[in-house]
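The following exercises concern a protein–DNA model. Each task is followed by a solution worked in steps.

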2 protein chains.
Amino acid sequence: MTTAGTAHETTTRPGPAAARQHSLREHNLELVARAVFEVPEPLSRAGVATATGLARATVSTLVDQLVAAGLVRELPAVTGGRAGRPAVPLVPAPRTVVGLGLEVNVDYLGARVLDLTGDVVAERVVPGSFHDSDPTAVLARLGALARELSDEVTASGMTVAGARLALPGLVDPRAGTLQVAPNLGWSSIEPVPLLGLDLDVQVANEAKLAALAELAGGSDVAAPDSFVFVSGDVGIGAAIVVDRRLFLGERGWNGEIGHVVVDPAGPRCSCGAFGCLEQYAGKEAMMRAAGLPADAPLADLVARLRADDADLPAGRALGSALADFVNLIDIGTIVLGGAYTELLPWLRADVEAALTERVLAAPFVDLQVRAAQAGPHAALTGGAREVLARVLADPSAWV
Amino acid sequence: MTTAGTAHETTTRPGPAAARQHSLREHNLELVARAVFEVPEPLSRAGVATATGLARATVSTLVDQLVAAGLVRELPAVTGGRAGRPAVPLVPAPRTVVGLGLEVNVDYLGARVLDLTGDVVAERVVPGSFHDSDPTAVLARLGALARELSDEVTASGMTVAGARLALPGLVDPRAGTLQVAPNLGWSSIEPVPLLGLDLDVQVANEAKLAALAELAGGSDVAAPDSFVFVSGDVGIGAAIVVDRRLFLGERGWNGEIGHVVVDPAGPRCSCGAFGCLEQYAGKEAMMRAAGLPADAPLADLVARLRADDADLPAGRALGSALADFVNLIDIGTIVLGGAYTELLPWLRADVEAALTERVLAAPFVDLQVRAAQAGPHAALTGGAREVLARVLADPSAWV
DNA sequence: GGGTAATAGTTCAGTCGTACAACTAATGCG
DNA sequence: CGCATTAGTTGTACGACTGAACTATTACCC
């Protein structure tokens, strides 16, 4: 079923649907599933009951359904030092239902499979240079890679619930189209059919999916519930997460911080305007400012910065644009991803100074700037997690 | 019950609550209420059934409850030219449950009562100058005004469901506090107790409530489902509406477009930073640019513009800041309120030029700039409507 | 070792809300 | 005047949750 989401256009506003008996069950099934999945320590049926407020009897039937569907697994009863019948711990079932994350970016192409526990089950990442590439050829190649991976995990008895394709550009998830990806040189295509996959594949913006990966948190630090994720590379994209959900605006084309005005008298940008952030804090601009070739690897810049012990001039520009962002949307935590993760030590001072100087609410808010935790190729992880989150949100489809 | 919302802080994430049988009823009661309220032509019970997808029998019992609660009224059966038993049209009950909107702004103070049909039942607006005023005295005065109005409508048999107090500044609705309102000269106060009202009063930002008023739409033009509302006066505030709901960010302190960078080499702003939009497109800046005294009435500026037939220089700055806004949040419709409503003819060209030049998604979106429709003192209307929207969202509390 | 308290999980009758179908009510039309 | 048509009501069936009683399994104490 190679679908891209049907666009049920009606003249009347959609509005919420009528709630029937089975809507109740679906709602509570999701509630129980979340209770099992989003808790550090495994819960028992009784634990789920107290956590959700549902009756023990109700929880039992719901959990049984999740176990039967293969989404939840029972661990051996643990006879802890407490009196009473030992509890049966419930955990996300490993290696049963999995999500597939796909990505084409400027310098690599890859696919990653995650299971419900968050483990990486399999992955392939192919470095390359996809600047001004041919979408048909590249997507066919990624499709072949994905099919290989998918066949592999299916042979091991897992079910691939769906896939997300991350692209660095303006994407319409509902229509399944890519409007334009400047750094790939792609425009006006329908990427999903070109993959040739027999799966439910949806396209998404790379920064948005990377932000979702960030939500899972690092090994030591938990992710904040609301943050702005800024992915700095050749282009600069951002995503807004509020209460652990992506905020997409009208079409999902928000977060284009790379083209915020830093100085109207500044250099001309590839987008046609003058003084965009990208001309100060894009990867190529940072390289040139450091006296390096525009396409030098990031490591060269880091080495130079280590040696010179001087801040990046990009910091002031980035701080100014981020202050605008915070003034406009009121999110107090900023997570820097992409190249910025590694460059943060030489950016932090100027960014924080700009924020305290320019953000109106700064005296009343604890503004935080932190490095991304999600690791390399975060969009792959985010895409796979998004698929699995959809499974979690509607477990009844799997029962 | 002079409350300001309790802040149930728990260590665990709140999450959705368990759904019981009565949650079903509450959900469907809201669904039916919305169907009756948000439709231009009155619906019958059968009409509501087809519109909501609920069974006719279910709708009947739900409608009966709404009628019994006094939220919905039955009109005389209309024997239209069609065969069959005549339908009983259902309409929002006039003058039963009402909402109270309150506001203190720089140049006036007022209260307005709306009923469920959207009619203004009563209002008082007192012009004045509240720049650097004493919050205790001013709020006591507004409280007296509000009590007068409230007593009046209560004597006519109506029930005041609650009130919203609009203030031009940073407000924390949950805590019921005002952090700072620069143009009033107020900071760090709890306004609600100072009103001395025996009602559920909540504070809110003025631009946010004005945007809600805008949602009701004008007499001729329907309001868009998603838009950015920019309220331009001495200060410049904005609100973001997505799918007919306010987007508030983390604390409701978003939309501070007045302090977005227009030019880092520009004049120093009252906020301490340089080159903020307010220094170009704030009311006082526009007056001075036109050679008028900073506190001249808006009509003087309009007269001058009519005579000169020249665009406002503020247009370019405003357009630049709005382009940043659209790039960051992806909302295609911009509604200009406050002083901008009247000044739009002399701003439009430059604003639209900046948008098409700077917004990355401009080639793919129909960007629209339009004048606000909500009329004078929009925040009063928005506040009252917000109270009534809360009634609509949970009619079971009134049954 | 056996009794008791404690906790987990299951079973079952009770209640509530919706769906479906049959029924009554009221109108237009031929 | 009868029939078709549409609105609204009544009654039965079914599904989902609850609470209480019951079973299962452990720890602890004498």
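A residue counts as buried under 20% relative accessible area, as exposed over 50%, and as partly exposed in between. The model used throughout is predicted.

**Exercise 1.** Determine whether Asp132(B) is buried, partly exposed or exposed, and place the residue in the chain.

*Solution.* Step 1: Asp132(B) belongs to the loop that runs between strand E5 (120-127) and helix H4 (135-155) of chain B. Step 2: its phi is near 50°, a positive value in a residue other than glycine. Step 3: the relative accessibility of Asp132(B) is 57%, so the residue counts as exposed.

**Exercise 2.** Carry out the corresponding classification for Arg244(B).

*Solution.* Step 1: the loop between strand E12 (236-242) and strand E13 (245-247) of chain B contains Arg244(B). Step 2: phi of Arg244(B) is near 65°, again a positive value in a residue other than glycine. Step 3: Arg244(B) has a relative accessibility of 28% and therefore counts as partly exposed.

**Exercise 3.** Describe the protein surface near DNA strand D: which residues are closest, and which helix gives the most?

*Solution.* Step 1: DNA strand D is surrounded by 30 residues, of which Gln21(A), Arg25(A), Arg20(B), Ser60(B) and Arg85(B) are the closest. Step 2: of the atoms of DNA strand D that come within 4 Å of the protein, sugar and phosphate account for 65%. Step 3: at least two residues of this surface come from each of helix H1 (21-37) and helix H3 (56-68) of chain A, and helix H2 (45-52) and helix H3 (56-68) of chain B. Step 4: H1(A) gives the most, with 4 residues. Step 5: by class, the surface comprises 12 nonpolar, 10 polar and 8 charged residues.

**Exercise 4.** Identify which part of DNA strand D is approached by Thr58(A), by Gly84(A) and by Arg45(B).

*Solution.* Step 1: Thr58(A) places a polar side-chain atom 2.7 Å from a phosphate oxygen of DNA strand D. Step 2: for Arg45(B), a backbone N or O atom lies 3.1 Å from a phosphate oxygen of the strand. Step 3: for Gly84(A), a backbone N or O atom lies 2.9 Å from a base oxygen.

**Exercise 5.** State what the average pLDDT of chain A is, and where in chain A the pLDDT is below 50.

*Solution.* Step 1: the average pLDDT of chain A is 93, and 96% of the residues score at least 70. Step 2: the pLDDT is below 50 over residues 1-11 of chain A, a stretch with 17 contacts in the model beyond near neighbours in sequence. Step 3: where pLDDT is low, the predicted coordinates should not be read in detail.

Notes. Residues numbered from 1 in each chain as written. Chains lettered and ligands numbered in written order. Predicted model: local features only at pLDDT ≥ 70, side-chain atom pairs only at ≥ 80, totals over all residues. Heavy atoms only, no water. pLDDT = per-residue confidence, 0-100. Contact = heavy atoms within 4.5 Å. Buried < 20%, exposed > 50% of the residue type's maximum accessible area, 1.4 Å probe, protein only. Near = heavy atom within 4 Å. Polar contact = N/O pair within 3.5 Å; in protein donor to acceptor, adjacent residues only side chain to side chain. Nonpolar A, V, L, I, M, F, W, Y, C, P; charged D, E, K, R; others polar.
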